[in-house]
Amino acid sequence: MRFPHAKGSGTVQARRVAKGRTVAAVARAGFVGRGVLYLLVGAIALRIAFSDSGGQQADRGGAVAEIADRPFGNALLWLLGAALAGMALWRLSELFFGQAGPEGRSASKRAMSGGRAVFYGFVSYSVLAYAAGDKGSGSGSSDKQTQDVTAKALDWPGGQWIVAAGGAAVLGAGLWIAGRALLRKFRDRLRIGEMSRRVRRGADVLGVTGGTARGVLFATAGGFAVAAALRHEPGKAKGMDDTLRSFTDTAAGPWLLALIAVGLAAFGLFSWVNARWRRI
């Protein structure tokens with residue numbers, strides 16, 4: 001007769017832990033880690049726009065390699081990997097107990113949190129594996145990985161439709177991210193009332209600039225995936241590095257890439273704003 005009560009008590013206790021200070025702390029550490037990655041990717045992309053990048057990749061692998069080359073780089077990678085694991089843990093808690101806000105427990109919100117938990121878990125693992133000595137893990141080329149996955153998918157029955165659907169989903173997600181940034185929907189998840197006017201204005205600038213640039217990047221990568229599917233050419237699919245480099249082929253030349261690079265760096269800074277002001 002006591003088992004239902006014990007089960008209910010266990011669920012309540014688990015929810016308290018998920019919404020407690022420890023999970024909030026690791027979530028905020030995760031935002032700091034995400035900010036570091038985007039700041040470095042933005043910096044590398046800016047180098048590519050106007051000078052020789054020295055063979056660096058403007059993606060997560062390039063950012064990891066950049067950190068590794070610094071003094072105490074390996075220790076910093078361990079800290080970064082642990083911070084990103086904290087982000088994965090927080091997203092996992094949202095899967096089970098819902099996000100903050102009135103609609104946080106909806107099935108769609110929980111599913112999104114679950115997908116993000118898997119993503120950040122993978123990113124954390126790749127960074128920690130690199131720090132542990134697997135140099136092919138965290139620094140792998142996003143372009144090669146994207147093309148390899150696309151080539152395998154195109155060989156499946158109905159592979160063209162699968163790749164096209166995936167590319168369209170990424171393209172749509174990019175437009176959704178950019179649209180929400182332009183509409184300043186990010187304000188709903190920040191403790192705006194606790195910010196000073198100057199901090200609030202800064203958050204708006206970083207959120208709009210960074211979110212729009214990130215959305216454009218995602219949408220462009222999705223467009224390349226759709227093109228790869230329609231032409232049945234895996235080489236048309238591009239990872240983050242090649243997608244960023246493709247902006248230099250436009251009429252704006254390196255200036256468009258520079259603009260996107262600044263936007264990605266802004267998103268990195270906005271991640272740090274989230275680390276301080278996000279509703280967890």
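Leu46 sits in helix α2 of this predicted model, and with a relative accessible area of 35% it counts as partly exposed, because that value falls between the 20% limit for buried residues and the 50% limit for exposed ones. Together with Phe50, Trp255 and Val262, Leu46 makes a nonpolar surface patch of about 430 Å². Two helices, α2 (21-50) and α10 (254-277), are the elements that give two or more residues to this patch.

Seen as a whole, the chain has 10 helices and zero strands, so that a reader moving from the N terminus meets the elements in the order α-α-α-α-α-α-α-α-α-α. Of its 280 residues, 43% count as buried, and the accessible surface comes to about 14600 Å², with 64% of that area belonging to carbon and sulfur atoms. Among the contacts with a separation of 6 or more, 75% are accounted for by residues 24 or more positions apart.

Helix α4 can be checked against the expected geometry. Its 25 residues, 73-97, should span 36 Å at 1.5 Å a residue, and the C-alpha atoms at its ends are indeed 36 Å apart, which agrees. The residue that follows α4 is Gly98, with a positive phi near 90°. On the other flank, in the loop between α3 (60-68) and α4, lies Phe72, which has a positive phi near 60° although it is a residue other than glycine. Most residues other than glycine have a negative phi. Phe72 also counts as exposed, because its relative accessibility is 72%.

A second residue with a positive phi is found in another loop. Arg184, which is not a glycine, has a phi of about 60°, and its place is in the loop between α7 (159-182) and α8 (197-231). With a relative accessible area of 40%, Arg184 is partly exposed.

Within α4 there is also a pairing of charged side chains. Side chains of opposite charge can pair when their charged atoms come close. Glu94 and Arg91 meet in a salt bridge with an N to O distance of 2.9 Å, and because they are three residues apart in helix α4, about one helical turn separates them. Both Glu94 and Arg91 are buried.

The structure holds eight salt bridges, and several others can be followed residue by residue. Arg245 forms one with Asp241, the closest N and O atoms being 3.0 Å apart, and both residues lie in helix α9, four residues apart, which is about one turn of the helix. The spacing fits the general geometry of such helices, since an α-helix has 3.6 residues a turn, so residues three or four places apart point the same way. The two partners differ in their accessibility class: Arg245 is partly exposed at 28%, whereas Asp241 is buried, with a relative accessible area of 5%. Arg191 forms a salt bridge with Glu194, again with the closest N and O atoms 3.0 Å apart, and Arg191 is buried, its relative accessible area being 17%. Finally, Arg47, Glu66 and Arg70 are linked in a network of salt bridges.

Helix α9, residues 240-246, also holds Thr243, which counts as buried because its relative accessibility is 0%. Leaving aside residues up to four places away in sequence, Thr243 touches Leu217, Thr220, Ala221, Phe224 and Lys238.

Helix α6 shows how buried and exposed residues can be arranged around one helix. Its 13 residues, 142-154, should span 18 Å at 1.5 Å a residue, and the end C-alpha atoms are 18 Å apart, in agreement with that value. Which of its residues are buried? In α6 these are Ser142, Asp143, Thr150, Ala153 and Leu154, and they cover an arc of only 100° around the axis, which puts them on the same side of the helix. On the other side of α6, Lys144 and Lys152 are exposed. The cover over the buried residues of α6 includes α7, α8 and α9.

Notes:
Residues numbered from 1 in each chain as written. Predicted model: local features only at pLDDT ≥ 70, side-chain atom pairs only at ≥ 80, totals over all residues. Heavy atoms only, no water. Expected span 1.5 Å × (residues − 1). Buried < 20%, exposed > 50% of the residue type's maximum accessible area, 1.4 Å probe, protein only. Patch = residues over 30% accessible without salt bridge, like charges linked within 9 Å, V, L, I, M, F, W, Y side chains within 5 Å. Areas by Shrake-Rupley, 256 points an atom, 1.4 Å probe, with all protein chains shown as cover. Salt bridge = Lys/Arg side-chain N within 4 Å of Asp/Glu carboxyl O. Contact = heavy atoms within 4.5 Å. Arc of directions from axis to C-beta.
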